[in-house]
Amino acid sequence: MQIFFILGIPVFLAAMSFLVKKQKAVGILNCLGYLAVLPLSAAVFKKTAVSGGTVSFFNFIYLDGLSAFFILVTSVVAFAAALYSVGYIQKDLDKGIISGKKARAYYSLFNLFCLAMFFVPSVNNLGMLWVAIEMTTLISAFLVGFYNTKESVEAAWKYIIICSVGIIFALLGTILFSYAFSRTGLSKSLNWSDMAPVAHIMDKNILKIAFLFILAGYGTKAGLAPMHTWLPDAHSQAVAPISALLSGVLLKTSLYAILRFGIIVIKGAGFAYFGHLMVLLGLISLAVSCGFILVQKDLKRLLAYSSIEHVGIISLGFGLGAPLAVAGALLHVFNHAAAKSLMFFGAGNIVSAYKKHNMNAIRGVLKALPFTGIMVLMGVFALTGFPPFALFVSEIMIIIAAFTGSAYLAAGLLLLFLAVIFGAFIYHFGRMLFGNLPKGMVSAGEPLSGKLAFLFLFFLVCVSGAAAVFFKKDLIWIAQNLFPG
Amino acid sequence: MQGMILLGILVSTCLMVIAKRMPSLIRSFRLQSFCLFLATFIIALGEHRPDLYIVAGLLFALKVLLIPHLLYRIIKKINTNEDLGLFINPQLSLLLILVFTYLSWVFTVYFIAPGDQTQISTLSIAFLIVLAGIFLMIFRMTALAQIIGLLVMENGLFLLAATVSGGMPFFVEIAIFFDIFVSVIIMGFFVYRINKFFTHIDVNKLSRLKG
């Protein structure tokens, strides 16, 4: 039942953004709306984590622990982004960068984007899953090209074309899955709840080929290297709160799609095939992002490559397949969403104060923007997996699982890349945060709503690690239910 | 009859890869979509399935009438060079398509292994169309040609879905049509923007974002 409210609130808010005249009121209404979604999605998660998968509304909606978890992550980032948007859009309006009409368009697109992302984990039909993911691309393309500059239009075009082609492959894979299902002679349907229970009698070879297409297709959207080329462009050009949504949630919804098909493949063709592919793609993503992070000059592109790194870690965790690794990967989905949103908000404030993306021109952030500076400093440590932050816990879970599962090469490479990326981050951000202000730079004020968003995310990054240690048993139980065997 | 339609699809695919200018590319795309429409319509007649009539009708309305019309309009409005910016000349392209045809046949026979002969030929043509779409997207460097490449890939998938599992479930099919229509409109919108900012639509020259 709650799911209808979760899906309904963004629709309502999108309509409101046209009906309510005052910009600020729309923004605050947005925050309240997503604040209401938060407990609803937590309730859905609590219910489904215990009861298992449930089908409702004419077989249209399917919810289990996995989908509820992704809904929860989406709602957390959506709330933070809504909070941050209030101050950010107001500032752009005051400076005259965007018009009132455009701000209104922003809020309606924001809500439609969130609606599409809530839709992805809740649909049962794998064809509708495809449609929902394509919808996220189409809606967010406008938000990537929002500022209407040469760069942003170029980024939006690359984003829409590369992701559309990728996703066509995913549709091809979906069709092959339905072919494998129809060959069992049971029925003709694309519903996950029909397909998953009979996965073990499907044709192994067709499943394997189909999964390759799925991985290439949804992997493009998830930002797994080597299909990641759209990602740094889109993330660096999008409006700051949208960058957070893109990196924190959009990539994860694609990962969710991969997992859905992955579960069928695991049942039908054994774990090794799925596991090897995921570990391989994860390690490639880590290697590629590591190289680009070292030589990066653009602040937001740096964070975008870091997203590729973290998606790599998550896919590695799922690929290892041990309950501890899967639990770590799930936890990492949440932690990365919180930490990366924090960093993108920080980057948004920094870029709008310095009016530059180039890290060589940004100095003395701690003096210019004291609050943002401190939060970004904490965020850097959180993002690079420094204790006591939550990402440390999830990464260490994956590493322990890798060592105990005697995947020494994967564990060693992961540690190596993490160490290099840690060094690069400290170097880049150390130069930006400390030092003297550039000439003619005056410290600007920071809006209250932005500060609240920072505090909310910072709280999550601190707490979720500790919570994971306390609820370790429950987490592993969920992970075990996810990947049986 | 089915053989004739398949031949028509094959020929239109070949026409597309040898097209040098935008209007002829759109014309061939229209032909291909029309063949698909015919195929769907014939099946609908044979099986008396109302949902298939609707799917065929939508296919005709969107891919034969509306989308080509939209694309023609964009060409007229942006008033740009109609050349496609060929990376590979038509002769070589045709040769590559022959190779693709063989490869998709091999893929069909050895990996998918369907039962009867018609299914084999339909499936290999479906995979060929998908490959031809990718080919168009990679080796034709204007933004509009990329849109067509995407649509061609989607046509291939339509044929594939119809062959292997008798089409997608009805409402998924409708949602996909809607999705494609929206994506063409949005891409068209961005083509205008690109043309406005860069005064060309050669995507190969979009290289401001690097590293």
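**Entry 1: two helices of chain A**

I started with the residues of α5(A) that meet α6(A): Leu126(A), Gly127(A), Trp130(A), Ile133(A), Glu134(A), Thr137(A), Ala141(A) and Val144(A). On the α6(A) side I listed Ser152(A), Ala155(A), Ala156(A), Tyr159(A), Ile160(A), Cys163(A), Ser164(A), Ile167(A), Ala170(A), Leu171(A), Thr174(A) and Phe177(A). Sorted by class, this contact has 14 nonpolar, 5 polar and 1 charged residues. The model is a predicted one, and I read everything below with that in mind.

I then looked up the geometry of the pair. Helix α5 covers residues 126-144 of chain A and helix α6 covers residues 150-183 of chain A. Their axes lie 9 Å apart and make an angle of about 175 degrees. Angles over 145 degrees count as roughly antiparallel, and α5(A) and α6(A) are therefore roughly antiparallel to each other.

**Entry 2: the loop between them**

I checked the loop between α5 and α6 of chain A and found Asn148(A) there. Phi of Asn148(A) is near 60 degrees, which is positive although the residue is not glycine. Is Asn148(A) buried or exposed? Neither in full: Asn148(A) counts as partly exposed because it has 13 C-beta neighbours inside 10 Å.

I noted a second positive phi at Ser406(A), near 50 degrees, again in a residue other than glycine. Ser406(A) sits in the loop between α16 and α17 (408-433) of chain A. With 9 other C-beta atoms within 10 Å, Ser406(A) is exposed; the cut-off for that class is 12 or fewer.

**Entry 3: cis peptide bonds**

I looked at omega next. The bond joining Ala225(A) and Pro226(A) is cis, with omega at about 5 degrees. Pro226(A) is placed in the loop between α8 (204-222) and α9 (230-237) of chain A.

Another cis peptide bond joins Pro387(A) and Pro388(A), where omega is about 10 degrees. For Pro388(A) I recorded the loop between α15 (370-383) and α16 (390-404) of chain A.

**Entry 4: Phe5(A)**

I found Phe5(A) in helix α1 (residues 2-19) of chain A. Phe5(A) has 15 C-beta neighbours inside 10 Å and so counts as partly exposed. I also took its separation from Glu309(A): the two residues are 304 apart along the chain, and their C-alpha atoms are separated by 34 Å.

**Entry 5: chain A as a whole**

I counted 19 helices and 2 strands in chain A. The radius of gyration of chain A is 21 Å, close to the 23 Å from the globule rule for 485 residues, so chain A is as compact as a globular protein of that length. Along the principal axes, the C-alpha trace of chain A spans about 70 × 55 × 40 Å.

Of the 485 residues in chain A, 62% are buried. I then took the contacts in chain A between residues at least 6 apart in sequence; 80% of these join residues at least 24 apart.

**Entry 6: chain B as a whole**

How many helices and strands does chain B have? I found 7 helices and 0 strands. Read from the N terminus, the order of elements is α-α-α-α-α-α-α. The radius of gyration of chain B is 17 Å, close to the 17 Å that the globule rule gives for 211 residues, so chain B is as compact as a globular protein of that length.

I noted a box of roughly 50 × 35 × 35 Å for the C-alpha atoms of chain B, taken along the principal axes. Buried residues account for 45% of the 211 residues in chain B. For contacts in chain B between residues at least 6 apart in sequence, the share joining residues at least 24 apart is 69%.

**Entry 7: where the chains meet**

I turned to the contact between the chains, which takes 36 residues from chain A and 35 residues from chain B. On the side of chain B that touches chain A, the elements giving two or more residues are α4 (90-112), α5 (117-139), α6 (143-165) and α7 (170-198) of chain B. Which element gives the most to this side of chain B? I recorded α7(B), with 13 residues. By class, the side of chain B that touches chain A has 26 nonpolar, 5 polar and 4 charged residues.

**Entry 8: confidence**

I looked up the scores last. The model has ipTM 0.93 and pTM 0.94. The average pLDDT of chain B is 87, and 98% of its residues score at least 70.

Methods:
Residues are numbered from 1 along each chain as its sequence is written. Chains are lettered from A and ligands numbered from 1 in the order in which they are written. This is a predicted model: local features need pLDDT of at least 70, side-chain atom pairs count only at pLDDT 80 or more; totals for chains, interfaces and linings use all residues. Two residues are in contact if their C-beta atoms, placed from the backbone, lie within 7 Å. Helices (H or I, at least four residues) and strands (E, at least two) are DSSP runs, numbered from the N terminus. Ala, Val, Leu, Ile, Met, Phe, Trp, Tyr, Cys and Pro count as nonpolar, Asp, Glu, Lys and Arg as charged, and the others, Gly among them, as polar. pLDDT is the predictor's confidence in each residue, from 0 to 100. Axes are lines fitted to C-alpha atoms, for helices over the stretch in contact, and angles run from 0 to 180 degrees between N-to-C directions. Angles under 35 degrees count as roughly parallel, over 145 as roughly antiparallel, 65 to 115 as roughly perpendicular and the rest as oblique. The radius of gyration is taken over C-alpha atoms; the globule rule is 2.2 Å times the number of residues to the power 0.38. A residue is buried if 20 or more other C-beta atoms lie within 10 Å of its own, exposed if 12 or fewer, and partly exposed in between; C-beta atoms are placed from the backbone.
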